[in-house]
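Q: Please take a close look at a single part of this model. I should like it described residue by residue where possible and then set in its wider context.

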Amino acid sequence: MHTHHPLVGRALAGPHARVNMRPVEDCARFILRIDPQNLAAASTIWGGNLPPTTGGLVSASGRIATCIGPDEWYLIAPLAEQDAIESAFGELYATTIHSLVDVGHREVGITVEGPEAVLALQATIAFDIAAMPVGSGCRTIIDKAQIILLRQGPDSFRIEVWHSFADHVWNLLAGICREIELGV
Amino acid sequence: MLLIRCPYCAAERPELEFTYGGEAHIVRPQNPSSTTDDEWRDFLYIRSNARGIHYERWRHMHGCGRFFNAVRDTVTDKFVMTYKAGLPRPDQAELEAARS
Ligand SMILES: [Zn+2]
């Protein structure tokens, strides 16, 4: 199914580029819904702290967990760990009501990095990107497509977008990057 | 574009992340089969259509996904405050505090 990844082989990067854009390698992705009161149990299964408040982001050993709603988490892990995560949460069903859904097939990751990354994203996202805390994530809208936006560093962002919108988001940002490059 | 404060995200977010959900605090009849036609009509269709302070539902659709309530002035289109779903209507003192 990954052969249809719309951004395979693309990259917009260079040693002097003010913004670099690259598609993220395939990974496992899940949406976890669980009562926040049971977050400790879920964290144990996940093998790391799940951030307790909306907007929180925890990134460790190739895994990313971000809280995108009061009872909703977006989880990213290396592809090789997918089966283990699924079976571990499968056992949690016996004691704790929750829902873990594999959404790996529907999302594409794009990293947007560089000294003008904030400017590039701000050109098409309506909230204050500069004010977004480093180490946070949220669901939002870029142009008219829904995305999940992660800020992993001051100049380092990651977009998670549905396959069907990936081409649009990529081309839109590529155009913006070109304008930044030309100093328009 | 308006900035709307989502009480769940505790952040001001752009209007386009939200959808409007109509007037708030409309209580669904406990036992619909025992209501009269007029009561059912009022529940379904009759709204206050306030000029000024209006209590209304919004959903942070392209954000945390939650429904919440807002107080908005329909004349100025300014939001006075927002609060979580299930909480009672803020009283006058709370509205004054939110305005200042
Ligand atoms: Zn929200």
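A: The account below begins with a hairpin and the loop that follows, and then turns to the two chains as wholes.

This is a predicted model, in which local features require pLDDT of at least 70 and side-chain atom pairs count only at pLDDT 80 or more, while totals for chains, interfaces and linings use all residues; side-chain values use heavy atoms, without hydrogens or water. Residues are numbered from 1 along each chain as its sequence is written, with chains lettered from A and ligands numbered from 1 in the order of writing.

The part chosen is formed by strands S3 (residues 57-60) and S4 (residues 63-69) of chain A, which run antiparallel and are joined by four bridges. Helices (H or I, at least four residues) and strands (E, at least two) are DSSP runs numbered from the N terminus, and two strands pair if DSSP finds at least two bridges between them. Across this pairing, Leu57(A) stands opposite Thr66(A) of S4(A). Two residues separate S3(A) from S4(A) in the hairpin, and in its turn Ser61(A) has a positive phi of about 40°.

Beyond S4, the loop leading to strand S5 (72-77) of chain A contains Asp71(A). Is Asp71(A) buried or exposed? Asp71(A) counts as buried because its relative accessibility is 19%; buried means under 20% relative accessible area, exposed over 50%, and partly exposed in between, with a 1.4 Å probe and protein chains only. Neighbours within four places in sequence aside, Asp71(A) is in contact with Leu32(A), Arg33(A), Ile34(A) and Pro36(A), and also with Arg66(B). Contact here means heavy atoms within 4.5 Å.

The hairpin belongs to a chain with four helices and 10 strands, arranged along the sequence as β-β-α-β-β-β-α-β-β-α-β-β-β-α. Of the 184 residues of chain A, 49% count as buried. Among its contacts between residues at least 6 apart in sequence, 60% join residues at least 24 apart. The C-alpha atoms of chain A fill a box of roughly 55 × 35 × 30 Å along the principal axes. Its radius of gyration of 17 Å agrees with a compact globule, because 184 residues would then give a value near 16 Å; the radius is taken over C-alpha atoms, and the globule rule is 2.2 Å times the number of residues to the power 0.38.

Chain A exposes about 8,600 Å², with 55% supplied by carbon and sulfur atoms. These areas come from the Shrake-Rupley method with a 1.4 Å probe, and for residues only the protein chains shown count as cover. Chain A carries 12 positive and 20 negative side chains, the centres of the two sets lying 5 Å apart. Lys and Arg count as positive and Asp and Glu as negative, leaving out His and the chain ends; each charge is placed at NZ of Lys, CZ of Arg, CG of Asp or CD of Glu.

Chain B, which supplies Arg66(B) to the contacts of Asp71(A), has two helices and six strands. Its elements run β-β-β-α-β-β-β-α from the N terminus, and its C-alpha trace spans about 45 × 30 × 25 Å along the principal axes. Of the 100 residues of chain B, 35% count as buried. The surface exposed by chain B is about 6,300 Å², of which carbon and sulfur atoms supply 50%. Chain B has 14 positive and 14 negative side chains. Asp42(B) lies in helix H1 (residues 37-45) of chain B and counts as partly exposed because its relative accessibility is 33%.
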